[in-house]
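Reader: Hello! I am new to this one and would love a guided tour. Could you show it to me before we start?

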Amino acid sequence: MSLSDKKSLFATIAGGIGLLLISGGASAEYVFNLTEGVTPTSKEIYDLHMYIFWICVAIGVVVYGIMGWSMYHHRKSKGAKASQFHENTVLEVVWTVIPFLILIAVAVPATSAMFRAYNTSDPDMTIKVTGYQWRWHYDYLDHGFGFTSTLTTPMEQVENKAPKGENYLLEVDNSLVLPINKKIRFAITSDDVNHAWWLPAFGFKQDAIPGYINDAWAVIEKPGIYRGQCTELCGRGHAFMPIVVEAKTEKEFDQWVADQKKGKEVALTGKELSNTVAQQ
């Protein structure tokens with residue numbers, strides 16, 4: 001490589017690094033990784049993902065490092081000649097044992113995490129989630145009430161006749177309200193076609209299948225509003241059935257449940273009075 005070519009290569013690399021540093025602030029909002037989430041399962045999945053990622057990085061550095069070193073120090077211009085050898089017992093043992101140890105190092109924590117993710121025993125409360133075209137219905141099985149959750153994004157935004165809102169296609173009329181620090185079991189099914197209930201912050205996606213119940217669980221560690229979507233192509237309205245969960249403290253949740261039951265009683269009383277008047 002001539003001196004001018006080396007200068008050109010150096011200038012290109014330096015320019016690339018400079019542009020990368022300058023654009024760092026502008027690209028800060030982009031995150032190329034999993035969300036850490038707000039449940040033990042999501043955090044364990046995130047930690048496992050990073051653990052395996054760094055193992056892959058180490059393998060890549062070692063393999064490509066040896067490859068690059070070998071290509072440079074044993075290149076043809078230096079008169080190097082390829083070695084010819086077969087049935088090297090030491091090498092065969094090394095490239096068998098090392099991958100086996102790597103697989104064990106990955107499989108043990110992954111299997112443990114999978115067992116914990118599927119352990120839905122001893123929940124503090126159970127929510128039945130039913131998918132419909134194109135909405136969700138939630139039943140609080142321990143409290144005796146339920147409601148339907150439907151998209152509220154105006155059609156003017158969908159048809160590009162109005163500016164899109166902050167939570168475009170991720171807003172509903174009735175959020176699923178849940179308490180924090182409680183083990184919540186989700187019994188997920190469908191009443192028509194296949195759907196899938198997915199909340200990235202909870203670290204799981206579960207299929208909703210007619211006539212079949214899949215379950216999952218979560219312990220929400222932080223109050224807040226968490227949004228997800230149906231991730232099974234379920235018809236022309238597939239993009240219009242978001243999931244919104246509002247996590248509250250236990251005290252706030254108990255008050256919300258009391259308000260829901262009170263509203264239900266008032267509605268039933270009004271219906272009974274209307275029936276009585278109609279009969280008279």
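Reader: Thanks! How many helices and strands does the secondary structure of the protein come to?
Author: Welcome! Please keep in mind that this is a predicted model. The protein has 280 residues, of which 26% count as buried. Its secondary structure comes to 5 helices and 10 strands.

Reader: In what order do the 5 strands of the open sheet lie?
Author: The sheet is open, and its pairing is mixed. Its edge strands, each pairing on one side only, are S3 (145–149) and S8 (214–219). From one strand to the next, the twist averages 20 degrees. The order of the strands is S3-S2-S1-S5-S8.

Reader: In which sense do S1 and S5 pair?
Author: One pair of residues to look for is threonine 130, which stands opposite threonine 189 in S5. There are 7 bridges between S1 and S5, and the sense of the pairing is parallel.

Reader: And how many bridges join S1 to S2?
Author: A hairpin through 2 residues connects S1 to S2. Within the pairing, valine 129 stands opposite tyrosine 138 in S2. The two strands run antiparallel, and the number of bridges joining them is 6.

Reader: Which residue in S3 does histidine 137 stand opposite?
Author: Strand S2 covers residues 135–140 and runs antiparallel to S3, with 5 bridges joining the two. Look across from histidine 137 to S3 and you find threonine 148.

Reader: Which residue does a cis peptide bond join to glutamine 133?
Author: You can look for this residue in the loop between S1 and S2. Omega of the cis bond is about 0 degrees. The partner of glutamine 133 is tryptophan 134.

Reader: How many residues of S1 are buried?
Author: S1 is mostly covered. The strand has 8 residues, and the number of them that are buried is 6.

Reader: Which residues touch the most other members of the largest nonpolar core?
Author: As a general background, nonpolar side chains in soluble globular proteins tend to be buried together. Here, the largest nonpolar core has 35 residues. Those touching the most other members are Ile127, Tyr140, Phe186, Trp197, Phe202 and Ile220.

Reader: Why does phenylalanine 186 count as buried?
Author: Phenylalanine 186 sits in strand S5, residues 183–190. Leaving out residues up to four places away in sequence, it touches several others, including Ile127, Val129, Trp197 and Phe202. Buried means under 20% relative accessible area. Phenylalanine 186 is therefore buried, as its relative accessible area is 0%.

Reader: What distance separates the C-alpha atoms of phenylalanine 186 and proline 123?
Author: Along the chain, these two residues are 63 residues apart. In space, the separation of their C-alpha atoms is 9.5 Å.

Reader: Which residues is tryptophan 197 in contact with, leaving aside its neighbours within four places in sequence?
Author: Phe186 and Trp197 are both among the core residues that touch the most other members. The contacts of tryptophan 197 include Val129, Trp136, Tyr138, Phe186, Ile243 and Val245.

Reader: Which side chain does threonine 120 join in a polar contact of 3.0 Å?
Author: Threonine 120 is in the loop between helix H3 (89–117) and strand S1 (125–132). It counts as buried, at 13% relative accessibility. Among the residues it touches, not counting those up to four places away in sequence, are Lys183, Arg185 and Trp217. The side chain at the other end of the 3.0 Å polar contact belongs to aspartate 215.

Reader: Asparagine 160 and leucine 169 are two loop residues I noticed. Is asparagine 160 buried or exposed?
Author: Both residues lie in the loop between H4 and S4. Phi is positive in each, near 60 degrees for asparagine 160 and near 65 degrees for leucine 169. Leucine 169 is buried, with a relative accessible area of 13%. Asparagine 160, at 59% relative accessibility, counts as exposed.

Reader: Why is there no bond between the sulfur of cysteine 230 and the closest cysteine sulfur?
Author: Cysteine 230 counts as buried, at 5% relative accessibility. The closest cysteine sulfur is in cysteine 234. A disulfide needs sulfur atoms within 2.5 Å. The pair has no bond because the sulfurs are too far apart, at 4.0 Å.

Reader: Last one: how many disulfides does a search of the whole structure find?
Author: Another cysteine to look at is cysteine 56, which is partly exposed with a relative accessible area of 47%. Over the whole structure, the number of disulfides found is 0.

Technical notes:
Residues numbered from 1 in each chain as written. Predicted model: local features only at pLDDT ≥ 70, side-chain atom pairs only at ≥ 80, totals over all residues. Heavy atoms only, no water. Helix = DSSP H or I, 4+ residues; strand = E, 2+ residues; numbered from the N terminus. Buried < 20%, exposed > 50% of the residue type's maximum accessible area, 1.4 Å probe, protein only. Polar contact = N/O pair within 3.5 Å; in protein donor to acceptor, adjacent residues only side chain to side chain. Contact = heavy atoms within 4.5 Å. Pairing = 2+ DSSP bridges. Axes fitted to C-alpha atoms, helices over the stretch in contact; angles between N-to-C directions. Core = buried A, V, L, I, M, F, W, Y, C linked by side-chain atoms within 4.5 Å.
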